Structures are given as C-alpha cells and as structure tokens.
Amino acid sequence: MVIAGHRAAGKTRLLPLVSKLLGRTGLDLDSELERRHGRALRTWVAESPSTFRAAERETLGLLPGGSVVSVGGGFLSHHPDALQGHFTLVVPVTFDTYRERLTADTTRPRLRADVSLEEELHSMFHEREALHARVPTISLADFLRGCLAQEST
C-alpha cells in the first residue's frame, strides 16, 4: 500500500497508524532516500530535482513488498505509472490547510523560488490536484469505512 497526497497533507503522521491497523511495516520513502543516498532531501531537491525524482521512483521499487509506504508530495504527479499494482491511499487536504502548514514550515524547500510563496502554493496545489485526479486512488474516508466494516463482521 502507498500513502500519497500533497505536501504537508499528513502522510508521514498517518503512516504509523495505517501500518499498525494493517499489521504491516511502515516505511517513509523520503527517510529511506536520505538513508540510502546520504543526502538531505531539502538540498537534493533544490540542487538536482531530476536525479532526486529518478532515485525516488527507483527506491519505491526496492522497498519490501507488503509494506505500507508513505511517498513524498510530488510522487503522484511525477510517477503515476509507478503506482500501478499498488493500492494507493490518498490523504486529503484543503488548499487553506495546505497553505497554512507550508507557510508555517520553513524547513521544506521552495519548489518555485522565482515567484512569491503565495503564487507557488496556489499553482503547485492546483496543478497537482489535476494530476492526482488522473491516478487511481482510494480516499482516506473510504479506506477507513472499509476497515470499520471489516471489524464489525
């Protein structure tokens, strides 16, 4: 299973809960990338986005089958075909929450430093929303309903 969604949607926070619920190992792809490559994502994404994206895609394929994997905020947009064969759970976030979280979190790298932060947030959110809509996913609400239905039987 893959947990995906926008930056700052809460994928990493949700990972241990979903992995415990399913009784599976939970792995954060960004943490795995940093560990395997010895590079901080903040600088890697800024310095060489194409090599980061290639490593991101490759590393997903190297992780143990049956794991619950939280992928980065750009994964759905950049690698939709890499998710074929994976059950992909999308974590919802409104634009207002997205903006609030990313404005407050100065540790995350800018993705479009040539425009204002507000312009970046608006364009990235809406561009990725359109791309996310093309990937077969299950919503968090539907996933939880299914889990609750199984528990009650």
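This is a short tour of a predicted model, starting at helix H2 and ending at three single residues.

**Helix H2 and its ends**

Select residues 29-37, which form H2. Step back to aspartate 28, which caps the N-terminal end of this helix. One of its side-chain oxygens is 3.1 Å from the backbone nitrogen of aspartate 30. Now go past the other end of the selection: glycine 38 follows H2 and has a positive phi, near 65°.

**The buried face of H2**

Within H2, colour Leu29, Glu32 and Leu33, which are buried. Look down the helix axis: the buried residues line one face of H2, because they fall within an arc of 100°. To see what covers them, add strand S2 (26-28), helix H3 (41-47), H4, strand S3 (68-70) and helix H5 (75-78), which are included in that cover.

**H2 against H4**

Keep H2 and show helix H4, residues 49-62. The two axes come within 10 Å and cross at roughly 105°. Angles from 65 to 115 degrees count as roughly perpendicular, so H2 is roughly perpendicular to H4.

Next, show the side chains where the helices meet. From H2, take Leu29, Asp30, Glu32, Leu33, Arg36 and His37. Their counterparts in H4 are Phe52, Ala55, Glu56, Thr59, Leu60 and Leu62. Coloured by type, the residues of this contact comprise six nonpolar, four charged and two polar. Leu29, Glu32 and Leu33 appear here and are also the residues just coloured as buried.

**Serine 19**

Move to helix H1, residues 11-22, and select serine 19. Is this residue buried or exposed? Its relative accessible area is 7%, so serine 19 is buried. Hide its neighbours within four places in sequence, and the contacts of serine 19 are Arg24, Thr25, Gly26 and Val68.

**Arginine 134**

Go to the loop between helix H7 (117-132) and strand S5 (138-139), where arginine 134 is found. Arginine 134 has 65% relative accessibility and therefore counts as exposed. Select proline 80 as well: the two residues are 54 apart in sequence, while their C-alpha atoms are 8.2 Å apart in space.

**Leucine 144**

Finish in helix H8, residues 140-152, which contains leucine 144. With a relative accessible area of 38%, leucine 144 is partly exposed. Draw a line from its C-alpha to that of phenylalanine 87: the separation is 14 Å in space and 57 residues in sequence.

Definitions and conventions:
Residues numbered from 1 in each chain as written. Predicted model: local features only at pLDDT ≥ 70, side-chain atom pairs only at ≥ 80, totals over all residues. Heavy atoms only, no water. Axes fitted to C-alpha atoms, helices over the stretch in contact; angles between N-to-C directions. Helix = DSSP H or I, 4+ residues; strand = E, 2+ residues; numbered from the N terminus. Parallel < 35°, antiparallel > 145°, perpendicular 65-115°, else oblique. Contact = heavy atoms within 4.5 Å. Nonpolar A, V, L, I, M, F, W, Y, C, P; charged D, E, K, R; others polar. Buried < 20%, exposed > 50% of the residue type's maximum accessible area, 1.4 Å probe, protein only. Arc of directions from axis to C-beta. Polar contact = N/O pair within 3.5 Å; in protein donor to acceptor, adjacent residues only side chain to side chain.
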